[in-house]
Amino acid sequence: MNKISILVKSFIDDIDYCKRLFKSFSKHNKDNLILYLVVPELDIEAFNNIIHDDNIEILSEDLFSKYLTMEDVNGVRPGYINQEIIKLAFHELGYCENYFLCDSDGYFIRDFFISDFLHKDGTPYSILVEDNELQVDPYYHNNHWIERMKSIEKIKEAINFDCQFILTSHGFSIFSAAVLRDLKKSYMDNQKLTYLDLMEVSPYEFSWYNLWLQKSKIIGIYSREPLFKTFHYSGQHLEYIIRGVKEEDIARSYLGVVVNSNYSRDFGMINYESNLPKLLVNYISFKDLLYINIFKIKNILVRIVRKIKIIFLTTK
C-alpha cells in the first residue's frame, strides 16, 4: 500500500483540463507518486488515449456505484454530489494510506515530493485555514461565504464538535484513510448513515473530513497552508496579473495553481499566465471596458493639457 497517492475525479467534459494536469504531473512528479483517475465507465477509453505515464492509473466510478445517486441533493446536481462521495469513499479500495485530492482544473507548477504531503513521521499534513481574506472580500462573502458557513455549521452540529473557529479547506487537501475509517466506524455506522446522508446534511466533503479530524484527533495534526494557489473568482486572478505576479513567483510558496473552472469555463480553459488583454476581454463587461477607455483618454488629455501649460508658462 502506498504511503501517499494523488486522486483525481473527472469526466469527459474536463478531458482538456486533465491533459494539462497530467502533463504537469509527469514533469514535476519527482518521487514517482501514483495518480489515480476516477471517471465514468463510458469515459475510460477517451481518457486512456491521453494518458502516457505509467504512474497514472484509471479507475471506473462504477467501483463506488453502491454509494452514488441519480438525483439532485438539496438542489445540487448528482454529478457534483457523486464526486464528493467518491473522494470520501476512495480509501475503502485500500490503494494508499493517504491521498492528495486534486481537481482537473489545477496543475502543478514546480517539482513535488512525498515530503510536501507527509510529515517526517509519516502523518499527512492537514490543510486547515480560517480563510479570513475570503471573509473580508465583499464579492466572495456575499456570493459564497455566508451560505457555505451556514452549511459547515450543520456538520459541527451533526458530529457534536465544539470549536470557536472553523478550520477547514476548499479542496486540494490530503485525506488520511485512518481518519476516514474512523469517521465511518465511529460516526456513520453508529448513526446508520451513508455518504449520501452526509451530503444531504452538508455537501462539503473537505469539511466533513477536517472537522472529524479535529474532533477525533485519530492522527496527529500538522497544519499547513494550502498547497495550491486557488483563484476563486475572476477578480482575484485579474488582480494578480495586474500586479505582475508570475507563475514562478507563485511557485515559491505553492505546488500548483487553480483558475477555478466554476467561473472560467465559459471562457475556455484559462491558464494562470493568460495575457492581460485576453483576461480583460473575458472578465470585464463591454460597458466597464468602455468606461476604462474613456477614463484613460481623459487622463491622457489632462496630462497633455498640463504639459502644454507648463511649456507656455516657462516660455513667457
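The paragraphs below go through a buried tryptophan, one helix with its surroundings, and a small set of paired strands. The model is predicted.

A starting point is Trp145, which lies in helix H5, the helix of residues 138-159. Its relative accessibility is 8%, so Trp145 counts as buried, since the limit for that term is under 20%. Leaving aside residues up to four places away in sequence, Trp145 touches Glu130, Asp131, Leu134, Gln135 and Tyr140. One of these, Asp131, is 14 residues from Trp145 along the chain, and the C-alpha atoms of the two are separated by 9.7 Å.

Helix H5 also takes part in the surroundings of helix H6, as one of the elements against which the buried residues of H6 pack. H6 covers residues 177-191. At its start, a side-chain oxygen of Ser176 comes to within 3.2 Å of the backbone nitrogen of Ala178. After the helix comes Lys192, which has a positive phi, near 55 degrees.

The length of H6 can be checked against its residue count. With 15 residues at 1.5 Å a residue, H6 should span 21 Å; the C-alpha atoms at its ends are 20 Å apart, and therefore the two values agree. The helix nevertheless has a kink of about 30 degrees, centred on Lys184.

Which residues of H6 are buried? They are Ala177, Val179, Leu180, Asp182, Leu183, Tyr187 and Met188. Besides H5, the buried residues of H6 pack against helices H3 (78-89), H7 (195-201) and H8 (205-216), and against strands E4 (98-101) and E7 (174-176).

The next part is a sheet. In general, the strands of a sheet pair through backbone hydrogen bonds, in either a parallel or an antiparallel way. Here three strands form an open sheet with mixed pairing, in the order E5-E10-E9. Strand E5 (106-108) and strand E9 (228-231) are the edge strands, each pairing on one side only. From one strand to the next, the twist averages 15 degrees.

E5 pairs with strand E10, residues 256-259, in the antiparallel sense, and three bridges join the two. Within this pairing, Gly106 has Val258 in E10 as its bridge partner. A helix also meets the sheet: H9, made of residues 234-242, lies across E9 and E10. H9 runs at about 115 degrees to E9.

Methods: Residues are numbered from 1 along each chain as its sequence is written. This is a predicted model: local features need pLDDT of at least 70, side-chain atom pairs count only at pLDDT 80 or more; totals for chains, interfaces and linings use all residues. Side-chain values use heavy atoms; hydrogens and water are left out. Helices (H or I, at least four residues) and strands (E, at least two) are DSSP runs, numbered from the N terminus. Buried means under 20% relative accessible area, exposed over 50%, partly exposed in between (1.4 Å probe, protein chains only). Contact means heavy atoms within 4.5 Å. The expected span of a helix is 1.5 Å times one less than its number of residues. The bend at a residue is the angle between axes fitted to the seven residues ending there and the seven starting there. A polar contact is a pair of N or O atoms within 3.5 Å; within protein, one must be able to donate a hydrogen and the other to accept it, and residues adjacent in sequence count only if both atoms are side-chain atoms. Two strands pair if DSSP finds at least two bridges between them. Axes are lines fitted to C-alpha atoms, for helices over the stretch in contact, and angles run from 0 to 180 degrees between N-to-C directions.
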